[in-house]
Amino acid sequence: MQMLLLNSFFEMMLYLARGGFTGNIGTELRGKNNRYSCLWNVGKYVAGISMGFGMSVYAFDPFVADKVITAAGANVCSKVEELYSSCQYVSLHLPANSKTAGSINYSLLINMPVNAVLVNTARKEIINEDDLLRVFEERPDFRYLSDIEPDCKSVFEEKYKGRFLFTGQKMGAQTKEANINAGIAAARQIVDYFKTGTKGSG
């Protein structure tokens, strides 16, 4: 499941960087800064693949020790504002809950560097869509990638063609292998619970 989420994430980044493979001049990921606000289990894989593309990797996760982040090859951001203000690519890997709903807002997004790209493979609820549209209106360089369509999709289609990419549905488990692996993982969690009383994280 994790690897399928990552496949979706990097496929969208490459598609955008190469201008939708239309033959127009694109950009490279090498040399860009990729930062992510994350659940670390997913984030550490993002870090490894990003470095494979020659990207500098930074991370913010208040629930993970700095030494764990640095051990994966990423640089630590002490504040979430730092993560957004100094990086062209920001990848989101957050749960949707009362604390995160609408937390990706105008004050964070407007301060991203020129040609900023926000990549959301988490949940649409964490994005303040009114604020996102405001940023799109004020910054023609800003782009948004997501593997789930926002509620304001029609506005994007009407006004911002070429600056966004949405897949029709969540793509994380859209392979036979991912469905099998998810079933195996669930079965192992059940077995562990009966053996040790340990509850899984999923």
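Glu149 and Lys153 form a salt bridge, with their closest N and O atoms 2.9 Å apart. Both residues are partly exposed: Glu149 has a relative accessibility of 27%, and Lys153 one of 23%. The contact belongs to a network in which salt bridges with shared partners join Glu149, Lys153 and Glu157. The structure described here is a predicted model.

**Salt bridges**

In the whole structure there are six salt bridges. Three of them are listed below.

| Acidic residue | Basic residue | N to O distance |
|---|---|---|
| Glu149 | Lys153 | 2.9 Å |
| Glu137 | Lys159 | 3.0 Å |
| Asp141 | Arg139 | 2.6 Å |

The salt bridge between Glu137 and Lys159 has its closest N and O atoms 3.0 Å apart. This pair links distant parts of the chain, 22 residues apart: Glu137 belongs to helix α6 (residues 129–138), and Lys159 to helix α7 (residues 153–159). Glu137 counts as partly exposed because its relative accessible area, 48%, falls between the 20% and 50% limits. Lys159 falls in that class as well, with a relative accessible area of 47%.

The setting of the Asp141 and Arg139 pair is another matter. The side chains of these two residues meet in a salt bridge at 2.6 Å, N to O, and both Asp141 and Arg139 are buried.

**Aromatic residues**

A search of the whole structure gives nine aromatic pairs. One of them is formed by Phe136 and Phe142, whose ring centres are 5.7 Å apart and whose planes meet at 70 degrees. The pair is edge-to-face because the angle between its planes is over 60 degrees. Phe136 has a relative accessible area of 1% and is buried. Phe142 is buried too, with a relative accessible area of 0%. Both phenylalanines are part of a cluster linked by ring pairs, which consists of Phe136, Phe142, Tyr144, Phe156, Tyr160, Phe164 and Phe166.

Aromatic side chains also occur at the surface. Tyr193 and Phe194, together with Ile190, make a nonpolar surface patch of about 370 Å². Of these residues, Ile190 is found in helix α8, which spans residues 176–196.

**The β-α-β unit**

Strand β2 (residues 56–60) and strand β3 (residues 75–76) run parallel and are joined by two bridges. The two strands count as paired because at least two bridges are required for pairing. Within this arrangement, Ala59 has Val76 of β3 as its bridge partner. Helix α3 (residues 66–71) completes the motif: β2, α3 and β3 make a β-α-β unit that is right-handed. As a general point, the side chains of a regular strand alternate between the two faces of the sheet.

Helix α4 covers residues 80–85 and contains Glu81. Glu81 is partly exposed, with a relative accessible area of 47%. Between Glu81 and Phe60 there are 9.6 Å in space, C-alpha to C-alpha, and the two are 21 residues apart in sequence.

**Summary of contacts**

The salt bridges described include a buried pair, Asp141 and Arg139, and a pair that links helix α6 to helix α7, Glu137 and Lys159. Phe136 and Phe142 form an edge-to-face aromatic pair, and both belong to the cluster linked by ring pairs. In the β-α-β unit, the parallel strands are β2 and β3, and the unit is right-handed.

Definitions and conventions: Residues numbered from 1 in each chain as written. Predicted model: local features only at pLDDT ≥ 70, side-chain atom pairs only at ≥ 80, totals over all residues. Heavy atoms only, no water. Helix = DSSP H or I, 4+ residues; strand = E, 2+ residues; numbered from the N terminus. Right-handed = clockwise from strand over helix to strand, strands pointing away. Patch = residues over 30% accessible without salt bridge, like charges linked within 9 Å, V, L, I, M, F, W, Y side chains within 5 Å. Areas by Shrake-Rupley, 256 points an atom, 1.4 Å probe, with all protein chains shown as cover. Salt bridge = Lys/Arg side-chain N within 4 Å of Asp/Glu carboxyl O. Phe/Tyr/Trp six-rings, centres within 6.5 Å; stacked < 30°, edge-to-face > 60°. Buried < 20%, exposed > 50% of the residue type's maximum accessible area, 1.4 Å probe, protein only.
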